[in-house]
Amino acid sequence: GSVRAGPGLGWKHVRSLGLELPSEPFDIAVGPRDGLLYIADSLKHKIIVMDPTSGKVLRWLREQRGDYLLNSPCSVSFSHSGLLCVADSGKSRVLLLRAADGRLIRQLGAPAEPEQSRGGLAFPFSLSTPPPGEDLPGGTDGGVWVADPRGRRAVCLDGRTGRELAEILGGDAERLKWPNGVQVVAGGQGVAGGCVWVSDSGRNLVRRFDILSGEETARAGEE
């Protein structure tokens, strides 16, 4: 069938690619160099690598000589240098992997301690690679933005050290309630330096923040 995408536009369903059950595909990214599909399967605790033409599963990324073992990976994204970023949600961390063989390059972030009110990752759920730019947090070092719904914030991590470069909280009066998605835009949209869009599902809002100051500049939806 077809799906109407707007006046004069039509989208045609071409093919469905199936996964061996049971599975729970949470997120997907296209390899910038190989064009393959990288699928975060939260139920099977691994990243499935699939050929988009044939639908054949080529390999899966889960562990490499005991270096890492995924636990409910919920999001995948690619850095500017081609590294695969994985939100390993069940272990409260972000992993950078070499896509070709799944080799662990480094781990970003550390689990938040129960008594901590700030800092650390509680449940990294969604990732976004910031566009390149010297004025953007994470834009020159392979950084990654993380939506952490349990931590009630979005945070940018340095891709080399894991250090927190910036965070979005939403303010004391209307703190982010359950942010489960994040996207970064460089410049435009009424913000000179760039902005961070956050889907705050706990408040039924999509909220826009200045990437440098963290101040909210726009919102859509109703609480």
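Colleague: Two strands pair if DSSP finds at least two bridges between them. And what counts as a strand or a helix?

Modeller: Both are DSSP runs numbered from the N terminus: strands are E runs of at least two residues, helices H or I runs of at least four. This is a predicted model, where local features need pLDDT of at least 70 and side-chain atom pairs pLDDT 80 or more, while totals for chains, interfaces and linings use all residues. Residues are numbered from 1 along each chain as its sequence is written, and side-chain values use heavy atoms, leaving out hydrogens and water.

Colleague: Thanks! How many helices and strands are there?

Modeller: Zero helices and 18 strands.

Colleague: Let's look at β13. How many of its residues are buried?

Modeller: Five of the five residues in β13 (153–157) are buried, meaning under 20% relative accessible area, with exposed being over 50% and partly exposed in between (1.4 Å probe, protein chains only). R153, V155 and L157 point one way, A154 and C156 the other.

Colleague: Why would they split like that?

Modeller: Because side chains in a regular strand alternate between the two faces of the sheet.

Colleague: Which strands pair with β13?

Modeller: β12 (144–148) pairs with β13 in the antiparallel sense over five bridges, and D148 sits opposite R153. On β14 (164–168), which also runs antiparallel to β13, there are four bridges, and E167 is the bridge partner of V155.

Colleague: What about the turns: which residues have a positive phi?

Modeller: R152 does, at about 55°, in the turn of the β12–β13 hairpin, which has four residues between its strands. In the β13–β14 hairpin, with six residues between the strands, G162 has a positive phi near 80°.

Colleague: Changing topic: how many disulfides are there?

Modeller: Zero, taking a disulfide as two cysteine sulfur atoms within 2.5 Å. C85 is buried, at 0% relative accessibility, and C156 is also buried, at 0%.

Colleague: And R93, is that buried or exposed?

Modeller: Buried, at 10% relative accessible area. R93 lies in β9 (93–98), and its side chain makes a polar contact with the side chain of D88 at 2.8 Å. A polar contact is a pair of N or O atoms within 3.5 Å; within protein, one must be able to donate a hydrogen and the other to accept it, and residues adjacent in sequence count only if both atoms are side-chain atoms.

Colleague: Where is R203?

Modeller: In the loop between β16 (195–200) and β17 (205–210). R203 is buried too, at 14%, and a polar atom of its side chain lies 2.9 Å from the backbone oxygen of R175.
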